[in-house]
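These are my notebook entries on a structure that I looked through piece by piece. I wrote down what I looked up and what I found.

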Number of protein chains: 2
Amino acid sequence: MKNSTQKTRSVTVSDVAREAKVSKATAARVLGGYGVVSDKVRTDVMTAAKTLDYRPNELARSMTTGKSGIIGVVVGDIENPFFSLAVRGITDAARAAGFNVILANSGEQIEVEKAAVRLLISKRVDGLIVTPSESRDVSHLRDINRSGRPLALLDRALPDLDVDTVTVDDLDVAMRATRILVDAGHRHITYVTAVDAEGSEYQDLGQIYTSSVRERIEGFLAVCRDAGIDRPERYVRLGATSPEETRKVATKLLSSLDRPTAILASDSLIALEIFKAIRQHGLRVPEDISLITFHDADWTSVTTPPITVVDQPVYALGKSVAELLIRRLKGEVRAPERLILPTVIIERGSVGPPATATQVSKISG
Amino acid sequence: MKNSTQKTRSVTVSDVAREAKVSKATAARVLGGYGVVSDKVRTDVMTAAKTLDYRPNELARSMTTGKSGIIGVVVGDIENPFFSLAVRGITDAARAAGFNVILANSGEQIEVEKAAVRLLISKRVDGLIVTPSESRDVSHLRDINRSGRPLALLDRALPDLDVDTVTVDDLDVAMRATRILVDAGHRHITYVTAVDAEGSEYQDLGQIYTSSVRERIEGFLAVCRDAGIDRPERYVRLGATSPEETRKVATKLLSSLDRPTAILASDSLIALEIFKAIRQHGLRVPEDISLITFHDADWTSVTTPPITVVDQPVYALGKSVAELLIRRLKGEVRAPERLILPTVIIERGSVGPPATATQVSKISG
DNA sequence: TTATCGAATGAGACCGGTCTCAATCACTAA
DNA sequence: TTAGTGATTGAGACCGGTCTCATTCGATAA
């Protein structure tokens with residue numbers, strides 16, 4: 001049984017040195033695992049450390065070394081299964097390379113994101129992985145680079161920030177997903193996404209400051225136009241930023257006279273609320289409404305019918321971006337890399353032909 | 001535009017002091033926001049800091065103060081919606097009080113948990129919140145106390161560690177859930193939980209080192225016995241530690257001749273796999289098998305039928321434990337508190353009467 | 001006019017490590 | 001025998017802040 005006389009001050013290198021009757025420098029050498037020491041001194045110091053129950057102060061250590069062994073991660077929403085899975089990918093890669101991870105949540109709010117980045121930098125993390133919530137304001141991300149720490153971007157590219165970036169093939173897969181719907185005969189397809197916007201009205205791509213969201217909308221619109229759908233922009237709905245907001249959007253959509261025959265949801269949280277809303281409106285999937293969502297969330301396979309999903313390689317996304325960052329942390333010098341991971345669509349049972357003869361509704365404007 | 005001549009070394013208090021033509025001590029006073037300075041000096045220093053783009057080094061700061069403004073959180077599995085929701089509760093409470101959160105994942109492995117605790121202590125977090133994965137080995141948790149930092153326990157109590165603890169009413173709610181099943185006529189109810197054990201065979205409570213798991217099993221067994229079920233211990237299944245393992249357990253359970261008529265799952269991840277397995281075996285819920293699960297995961301309301309769940313106040317759990325810890329961090333002195341939050345059961349459509357006339361299967365032993 | 005006082009500031013120790021550089025030592029080669 | 005060598009060890013500066021204590025200064029009181 002060890003009893004600590006003073007519980008306030010912790011045991012330091014000097015204490016151990018004194019106990020082992022060597023100099024502070026020598027004790028530090030064996031405790032820190034650097035330099036050379038004789039075997040006798042090593043065992044002496046080690047036993048002294050054990051007796052005193054010495055614990056290194058990582059803070060002091062990383063203050064002198066400038067390294068902390070920590071990777072800072074800022075994600076939009078850790079409760080979104082998409083991010084929590086990506087984070088596992090990051091954590092696994094980090095642990096394998098001997099790094100630890102500090103996690104911060106931005107809630108997709110640029111100010112919170114800035115504060116988180118500031119905090120992590122001031123804690124002297126070795127590198128950062130961020131899912132930028134906006135492409136308009138990247139000053140804080142520039143600061144990271146300026147501070148000499150490597151930065152890597154997850155899921156969202158920033159055109160004018162040339163750093164390691166790993167994204168998925170959003171444009172292409174959005175096109176493929178939309179085409180599935182078009183091929184099934186749908187001509188009134190609504191795309192619902194989470195971008196914060198006034199009134200959930202979509203005007204043009206200029207409003208969209210997140211690359212992944214933008215690419216998906218582009219892909220969606222391209223295929224719609226290609227299918228001869230007139231002004232598909234009217235069918236893009238923004239503002240599904242929370243379950244409550246999504247419910248509002250969904251309700252408005254489903255109770256409208258001009259109800260879409262198919263919906264494409266930009267993440268599983270949105271899809272879930274839409275699915276619930278469809279049920280509540282007494283509608284059936286896919287007989288009344290077809291549904292496809294991004295992210296193969298666990299629930300999508302247990303509904304009746306199971307949902308057709310865009311299955312992004314989320315774990316790999318996290319793992320790759322972490323590996324890219326770690327390679328740089330280990331001293332690798334190279335031009336920033338932009339990885340785009342291929343994405344697969346899992347067709348299940350939520351897509352069918354449109355309920356009635358397709359009416360290409362026209363609204364004069 | 002600011003251009004940094006040397007990007008390696010960062011701007012320090014001394015640099016600002018020199019620029020403002022005051023002493024380091026004075027500059028530190030205004031930059032650190034302590035002590036007294038004249039208004040003129042304050043503005044001088046502030047402008048100098050702005051010109052140089054000074055950023056405080058939190059590491060150095062917390063080395064001297066001993067405080068970091070960080071709460072360390074160690075959870076079992078951040079991908080489990082239960083934990084990610086609890087973490088949101090913690091984060092919200094922390095942010096409101098001006099604290100930041102560092103998250104670490106233990107994967108329910110005691111060694112990883114120990115390493116995480118060690119890391120967080122060495123990073124000098126102000127306090128810790130832990131969901132202990134084992135009650136057998138709590139030496140590392142004792143160490144936290146010894147290091148003078150407050151510790152609070154989340155979701156799992158430790159009998160011989162007297163610290164702030166917030167749990168839910170596991171025993172009682174397990175009894176209520178089991179009673180719902182018993183009242184529906186079930187006499188062959190299986191309880192599936194995630195404890196790591198050889199062979200997934202349950203012998204006795206001595207095997208169970210997690211208080212919440214233990215209480216639930218106790219509650220389950222008590223009600224079963226009360227209902228005249230003979231040796232209900234045989235119906236407890238351990239080892240559902242991952243989707244794969246759960247699938248094995250479920251398959252074995254469902255393909256056995258002596259198939260249970262109802263299943264109680266200890267978390268939503270387990271329930272999901274069981275639900276999938278039930279489907280794959282061509283069985284129906286609740287006609288062939290009734291199902292209740294702990295945690296009101298989002299998917300439980302969209303299945304057909306929706307699942308009856310034990311709805312723990314998860315967010316409140318996280319929020320309360322963080323608040324308890326923060327009060328202590330702010331200097332409040334009081335005896336450790338043990339909060340037990342009440343839990344509610346949401347009855348949906350996954351419970352019905354047992355399929356056939358109940359056969360109380362007897363195995364001579 | 002001079003002693004007293006409080007506010008503002010400066011000098012320097014300190015936190016707990018790392019790391020450079022010089023000193024010491026045993027031992028080998030000339 | 002003695003200079004030369006490499007391996008160990010010790011002394012002390014340093015990282016970037018905080019904080020104690022002494023000093024300076026102007027203003028007020030005696």
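**Entry 1: DNA strand D**

I began with a single contact: a phosphate oxygen of DNA strand D is 2.9 Å from a polar backbone atom of A:Ser23. I call this a polar contact, meaning a pair of N or O atoms within 3.5 Å, where within protein one must be able to donate a hydrogen and the other to accept it, and residues adjacent in sequence count only if both atoms are side-chain atoms. I note that this is a predicted model, in which local features need pLDDT of at least 70 and side-chain atom pairs count only at pLDDT 80 or more, while totals for chains, interfaces and linings use all residues. Residues are numbered from 1 along each chain as its sequence is written, chains are lettered from A and ligands numbered from 1 in the order in which they are written, and side-chain values use heavy atoms, with hydrogens and water left out.

I then looked up two further contacts of this strand. An N or O atom in the side chain of A:Arg29 is 2.8 Å from a base nitrogen of DNA strand D, and one in the side chain of B:Thr64 is 3.0 Å from a sugar or linking oxygen of the strand.

Which residues are closest to DNA strand D? I found A:Thr26, A:Ser38, A:Val41, B:Val13 and B:Thr64, out of 31 residues that surround the strand; a residue counts as near if one of its heavy atoms lies within 4 Å. Of the strand's atoms that come within 4 Å of the protein, sugar and phosphate account for 54%. By class, the surface near DNA strand D has 15 nonpolar, nine polar and seven charged residues, where Ala, Val, Leu, Ile, Met, Phe, Trp, Tyr, Cys and Pro count as nonpolar, Asp, Glu, Lys and Arg as charged, and the others, Gly among them, as polar.

**Entry 2: DNA strand C**

I turned to DNA strand C, which 31 residues surround, the closest being A:Val13, A:Thr64, B:Thr26, B:Ser38 and B:Val41. Here a polar side-chain atom of B:Arg29 lies 2.8 Å from a base nitrogen, and an N or O atom in the side chain of A:Lys24 is 2.8 Å from a base oxygen. A phosphate oxygen of the strand lies 3.4 Å from a backbone N or O atom of A:Asn57. Of the atoms of DNA strand C within 4 Å of the protein, 56% belong to sugar or phosphate and the rest to bases.

**Entry 3: the two protein chains**

How do chain A and chain B relate? A turn of 180 degrees and a shift of 0.1 Å along the axis lay chain A on chain B with an RMSD of 0.1 Å, superposed by least squares on the C-alpha atoms of residues with pLDDT of at least 70 in both. That is the relation of a two-fold axis.

I found 42 residues of chain A in contact with 42 residues of chain B, contact meaning heavy atoms within 4.5 Å. The copies meet through the same surface, because 100% of the interface residues of chain A are also interface residues in chain B. Between them the chains bury about 4100 Å², 53% of it on carbon and sulfur atoms; buried area is the accessible area (1.4 Å probe) that two parts lose on being put together, summed over both.

Across this interface the rule finds four salt bridges, each a side-chain nitrogen of Lys or Arg within 4 Å of a carboxyl oxygen of Asp or Glu. I noted the one in which the side chains of B:Glu79 and A:Arg88 meet (1.9 Å, N to O).
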